[in-house]
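Visitor: Could you walk me through this structure, one question at a time?
Guide: Happily! Let us look at it together.

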Amino acid sequence: MKTIPVIVVQLVHIQGPLKGEIQEFSESTISVGRHPTCHMQFPKDLSIVSRKHAQIVREGNRFKLIDQSTNGTFVNGKRVKEAYLKNGDVLVFSEGGPKVSFLTKMMEPQHEIEDVPLPSPPKEPEVSMVEKPSMANAQPEQVLREQISIQKAQVPLIIQYGPTLRSFKELPVTIGRNPNCDFTLNHPAILDRHGEFFFTQNQYWVKDLTGQKLISINGQPVDEQAPLKPDNRLGLSPQGPNFRFLGEGRLAELEEPVPEEPMNASHEEEEEYPRGEHRDRNAKRGKSIFKKLLQR
């Protein structure tokens, strides 16, 4: 008897009031809007988003977006009423409104397995006067250097950085400020050839090319290379940028909260408008740049 796979939808907020958040849903129908009953709920004062703006409906192993709004819903810059979604698609709820990246991950259903006693492993003969080399005393990084080789792999890699979303179909992928890198990062803390993502042993890895141990995972510096696990926090340098590894080759930027500026006269004038409109104007700034990236 076949079991229905569990597919989790991940919505990465790129622009809007929930920017930087990653929401996960396993429901067969995901509602989007300002209404309190919506799964993905936006603030009440964000009037450009309808109370019940759209739905994402699962059909088998596919997901369909259904627009129910007044101001429209856009997929990769095109306004749609209905559209089947794929990993990496960018959804915008109303022109200039909140922008999210659509991703999915499949969870293996858990089955009950009968406990079967395993035969005891044969005992190794005792060897006297000869001391076996102990791998326990070896540094893990040294073992990794000996065992891991970087080869081409046909696996996806999706990186969300600011208003950009880059998708790769083959690894390894190099990152750095040099234009010859596969993914160019214009950040003051990033070196010309900074790091590399590759895939081996059925998992994703990151390699530090700086020679300065600038790359870290969960705050621990990477000594040359290390595997990435879901929900790992990947720091490319102590000054950022920082990412969260979502699993299955997906990286989403984590932004540190920006301290609020003191209230002044100009701020008081701006308060006459709904707070959501300020966020929308900021989202519009990256709109033209993001459209050009999607057309590549």
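Visitor: How many bridges pair E16 with E17, and in which sense do the two strands run?
Guide: Please keep in mind that this is a predicted model. One pair of residues that face each other here is Phe-197 and Val-206, the latter in E17. The strands also form a hairpin, with two residues between them. As for the pairing of E16 and E17, the sense is antiparallel and the count is six bridges.

Visitor: Which residue in the turn of that hairpin has a positive phi?
Guide: The turn belongs to the hairpin of E16 and E17. Its phi is about 55 degrees, and the residue is Gln-201.

Visitor: Which residue in E16 stands opposite Ile-175?
Guide: E16 also pairs with E14, in the antiparallel sense and over three bridges. E16 spans residues 195-200, and five of its six residues are buried. Opposite Ile-175 stands Gly-195.

Visitor: Which element gives the largest share of the largest nonpolar core?
Guide: This core has 25 residues, and Leu-157, Ile-159 and Phe-197 are among those with the most contacts inside it. Strands E12 (157-161), E14 (173-176), E17 (203-208) and E22 (242-247) each give two or more residues to the core. The largest share, three residues, comes from E12.

Visitor: How many residues are in the other core that lies apart from it?
Guide: Val-9, Ile-30, Val-49 and Leu-65 are among the members of this other core. Its count of residues is 23.

Visitor: In the open sheet of five strands, which strands stand at the edges?
Guide: The strand order is E4-E3-E5-E6-E9, and the pairing is mixed. An edge strand has a single partner, so one side of it is left without a neighbour in the sheet. That describes E4 (40-41) and E9 (82-85).

Visitor: Which residue in E6 is the bridge partner of Ile-56?
Guide: E5 covers residues 54-59 and E6 covers residues 62-67; the two run antiparallel and are joined by six bridges. Across from Ile-56, the partner in E6 is Leu-65.

Visitor: Is His-53 buried or exposed?
Guide: His-53 sits in the loop between E4 and E5. Residues it touches include Val-32, Ile-48, Asp-67 and Phe-93. Its relative accessible area is 0%, and buried means under 20%, so His-53 is buried.

Visitor: What does the side chain of His-53 reach at 3.0 Å?
Guide: The partner is a backbone atom, at that distance from the His-53 side chain. It is the nitrogen of Ser-50.

Terms used
Residues are numbered from 1 along each chain as its sequence is written. This is a predicted model: local features need pLDDT of at least 70, side-chain atom pairs count only at pLDDT 80 or more; totals for chains, interfaces and linings use all residues. Side-chain values use heavy atoms; hydrogens and water are left out. A nonpolar core is a set of buried Ala, Val, Leu, Ile, Met, Phe, Trp, Tyr and Cys residues joined through side-chain atoms within 4.5 Å. Buried means under 20% relative accessible area, exposed over 50%, partly exposed in between (1.4 Å probe, protein chains only). Helices (H or I, at least four residues) and strands (E, at least two) are DSSP runs, numbered from the N terminus. Two strands pair if DSSP finds at least two bridges between them. A polar contact is a pair of N or O atoms within 3.5 Å; within protein, one must be able to donate a hydrogen and the other to accept it, and residues adjacent in sequence count only if both atoms are side-chain atoms. Contact means heavy atoms within 4.5 Å. Lists of a residue's contacts leave out its neighbours within four places in sequence.
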